[in-house]
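Q: Please take a close look at the salt bridges in this structure. Which side chains pair, and where do the partners sit along the chain?

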Amino acid sequence: MTHTGSERPEASRARKGAPSGLVVVDKPGGLTSHGVVSRMRRLAGTRRVGHAGTLDPMATGVLILGVEKATRLLGHLALTEKEYVATIRLGRTTVTDDAEGEITAVADATGVTRESVDAGIAALTGPIQQVPSKVSAIKVNGVRSYTRVREGEEFELAARPVTVHSFTVRDMRRVDEPEDAVGAVDLDVTVVCSSGTYIRALARDLGAGLGVGGHLTALRRTRVGPYGLDTARTLEQLEESCTVVPIEQAADAAFPRWDVDADQARLLANGVRIKAPALPDGPTAVFGPDGRFLALVEEKDGQVKIVAVFPE
């Protein structure tokens, strides 16, 4: 496509603005989640862009962005189930629990058996208490954990409850590194887990449990809630066509649906707590008789509790 003058194509699209909704990005490696948000702000022509669930710069895959009113959905989408494919290297421990950090310990992992790996994975599956990586964005007394690490501070992070729904090995192979005579073993794995689970912490803990250490060498998020790589678009594709999932479609896909009549819609819009039907646990998306997405609600003591409203 030919563009005349000095105007960039994304600048032209930005002035038109983007409707409220979600953008499902296939994030490239080497770019921060905030960097992706900055690119989308230019494309959408608005500062009201945020993301649900940070991906480390090394990681690739599904990153959910909210535009305009849909930014209010992000905190709820961030709590949904996530799926990853990853590679764990056994026999090497790093300061960051991933390939971006300095190696701090080396061990021969070639004696590790598939049976011991399976047992180690079983111990890390289900509801577990996980200590996040110290280079995570978790705040300790108001300061990011990774900032404390950079400043050389000694500290410990508390374990947090997370749920690993499934943790499976797709391949296990020996890795001989020319610069090191001590053999390593790579595991290609798939993990389905709750929000707040750190995959590099799983790699660290699996390696530690096997007595050889471990870290993450590759990570790709393949799904966030109902949104997978099949609906994700690269930044290059979004430069050509800034595709936004309309907020009604996004809410319908991500949450249980409750269609209300005009009277119920009016009462909810005015903040009136009406009698609730049998709603499932967690947020439910409310739609008016015209199909418009009105609010996220929850049931409390038989009545509707409004979580967030989405006025026109």
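A: What follows goes through the salt bridges, after a short word on the whole chain.

The model is predicted. The chain has 312 residues, and 47% of them count as buried. It holds nine helices and 18 strands. Among contacts between residues at least 6 apart in sequence, 69% join residues at least 24 apart. The chain exposes about 15,100 Å², of which carbon and sulfur atoms supply 50%.

Side chains of opposite charge can pair when their charged atoms come close. Searching the whole structure turns up 14 salt bridges. Three pairs are described here, one after another.

One of the salt bridges joins the side chains of Glu-68 and Arg-48, with 3.5 Å from N to O. This pair links distant parts of the chain, as the two residues are 20 apart. Glu-68 lies in the loop between strand 3 (60-67) and helix 3 (74-77), while Arg-48 lies in the loop between helix 2 (33-44) and strand 2 (49-52). Glu-68 has a relative accessible area of 21%, so it counts as partly exposed. Arg-48 is also partly exposed, because its relative accessibility is 39%.

Another salt bridge is formed by the side chains of Asp-56 and Arg-200, at 3.0 Å from N to O. Here the partners are 144 residues apart, and the pair again links distant parts of the chain. Asp-56 is in the loop between strand 2 and strand 3, whereas Arg-200 belongs to helix 6 (residues 199-209). Asp-56 has 26% relative accessibility and is therefore partly exposed. Arg-200 has 5%, so it counts as buried. The cut-off that matters here is 20%: a residue under 20% relative accessible area is called buried.

Helix 6 also carries Arg-204. The side chain of Arg-204 meets that of Asp-97 in a salt bridge of 3.5 Å, N to O. Asp-97 sits in the loop between strand 5 (92-94) and strand 6 (103-106), and this pair, too, links distant parts of the chain, 107 residues apart. Arg-204 is buried because its relative accessible area is 18%, and Asp-97 is buried because its value is 7%.

Asp-97 and Arg-204 are linked with one further residue, Asp-205, in a network of salt bridges.

To put the pieces together: helix 6 holds Arg-200, the partner of Asp-56, and it holds Arg-204, the partner of Asp-97. The pair of Glu-68 and Arg-48 instead has its residues in two loops.

Methods: Residues are numbered from 1 along each chain as its sequence is written. This is a predicted model: local features need pLDDT of at least 70, side-chain atom pairs count only at pLDDT 80 or more; totals for chains, interfaces and linings use all residues. Side-chain values use heavy atoms; hydrogens and water are left out. Helices (H or I, at least four residues) and strands (E, at least two) are DSSP runs, numbered from the N terminus. Buried means under 20% relative accessible area, exposed over 50%, partly exposed in between (1.4 Å probe, protein chains only). Contact means heavy atoms within 4.5 Å. Accessible areas come from the Shrake-Rupley method with a 1.4 Å probe; for residues, only the protein chains shown count as cover. A salt bridge is a side-chain nitrogen of Lys or Arg within 4 Å of a carboxyl oxygen of Asp or Glu.
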